[in-house]
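Visitor: I would like to learn how to read charged contacts and surface patches in a model of this kind. Could you take me through them one at a time?

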Amino acid sequence: MVRSECSLSVAGLFRNYSPIAEALDVIDRWILSIKKRPENGVVKNRPSDASDMCFDKDGVVIASGMDVWNRASGSQPTGECRKKYPVYSNSRQVAGAPLSDSIFKCTLQSIDTALNEGLYGQLTTDVLERLRVMKRVFPSGICDYTAPDVGRPKEILVDKHVPVTIAGRLIEPDYRDSREIAAENESNEEP
């Protein structure tokens, strides 16, 4: 694997090392593998080093694997990369949107409905003042992220049973969760 040296890149995030060259190399090898063995599909052609990971400023891998960016949830611990480089929330997440940011257009609810649902916590003078401002700023209401996505197309955009074209080749689609595929690969490797 080639390590790319740079003095300052990606808005100053990396001082001595940038993972960009390595990432492009992995993508290139993945596409070439798909071209050579289209019958294997996208997932089975994935290079073994195509993995989530994080690095220190000198390019030393801190952690790699499927769980390195996990957030703590139930019995699932916080991933090592997330511990080192915390992912901060944004206004949508604070309002209840999923981390996947997969809502095209949210269902709106009135400020009063949100208040009655307890979205703003305990009703204090400070909260009441902010609600007055919010009613002026959001006269049509605010997002209700517990409701269905009203912007997502109703029709199926990609038929999960029809091959897709990748790198000029027809590839059988594989829409399984990556953890399901990893478990299947592990069970196939066992004697």
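Guide: What follows is a walk through the salt bridges and then a nonpolar patch, and please keep in mind that this is a predicted model.

Visitor: How many salt bridges does a search of the whole structure find?

Guide: A salt bridge is assigned when a side-chain nitrogen of Lys or Arg lies within 4 Å of a carboxyl oxygen of Asp or Glu. On that criterion, the search of the whole structure gives seven salt bridges.

Visitor: Which residue meets K57 in a salt bridge, and what is the N to O distance?

Guide: The partner of K57 is D58, and their side chains meet with an N to O distance of 3.4 Å. As for their surroundings, K57 has a relative accessibility of 47% and therefore counts as partly exposed, while D58, at 43%, also falls in the partly exposed class.

Visitor: How are R130 and D126 placed in helix α6?

Guide: R130 and D126 are four residues apart in helix α6, which spans residues 125-137, so about one helical turn separates them. The two form a salt bridge in which the closest N and O atoms are 3.6 Å apart. To classify their accessibility, recall that exposed means over 50% relative accessible area, and partly exposed means between 20% and that value. R130, at 54%, is therefore exposed, whereas D126, with 45%, is partly exposed.

Visitor: Which residue forms a salt bridge with R132?

Guide: R132 pairs with E129, and the closest N and O atoms of this salt bridge are 3.4 Å apart. Here the spacing is three residues in helix α6, so that R132 and E129 are again separated by about one helical turn. Relative accessibility is 46% for R132, which counts as partly exposed, and 41% for E129, which is likewise partly exposed.

Visitor: Which residues are linked with R29 in a network of salt bridges?

Guide: A network is read by following the links among several charged side chains, rather than by taking a single pair. In this model, D25 and D49 are linked with R29 in a network of salt bridges.

Visitor: Turning to the uncharged surface, which residues make the nonpolar patch?

Guide: The residues of such a patch must each have over 30% relative accessible area and take part in no salt bridge. I20, L24, I27 and I31 make a nonpolar surface patch of about 350 Å². Take I27 as the example: this residue lies in helix α1, residues 20-36, and its relative accessible area of 45% makes it partly exposed.

How values were computed: Residues are numbered from 1 along each chain as its sequence is written. This is a predicted model: local features need pLDDT of at least 70, side-chain atom pairs count only at pLDDT 80 or more; totals for chains, interfaces and linings use all residues. Side-chain values use heavy atoms; hydrogens and water are left out. Buried means under 20% relative accessible area, exposed over 50%, partly exposed in between (1.4 Å probe, protein chains only). Helices (H or I, at least four residues) and strands (E, at least two) are DSSP runs, numbered from the N terminus. Patches are made of residues with over 30% relative accessible area and no salt bridge: like charges are joined within 9 Å, nonpolar side chains (Val, Leu, Ile, Met, Phe, Trp, Tyr) within 5 Å. Accessible areas come from the Shrake-Rupley method with a 1.4 Å probe; for residues, only the protein chains shown count as cover.
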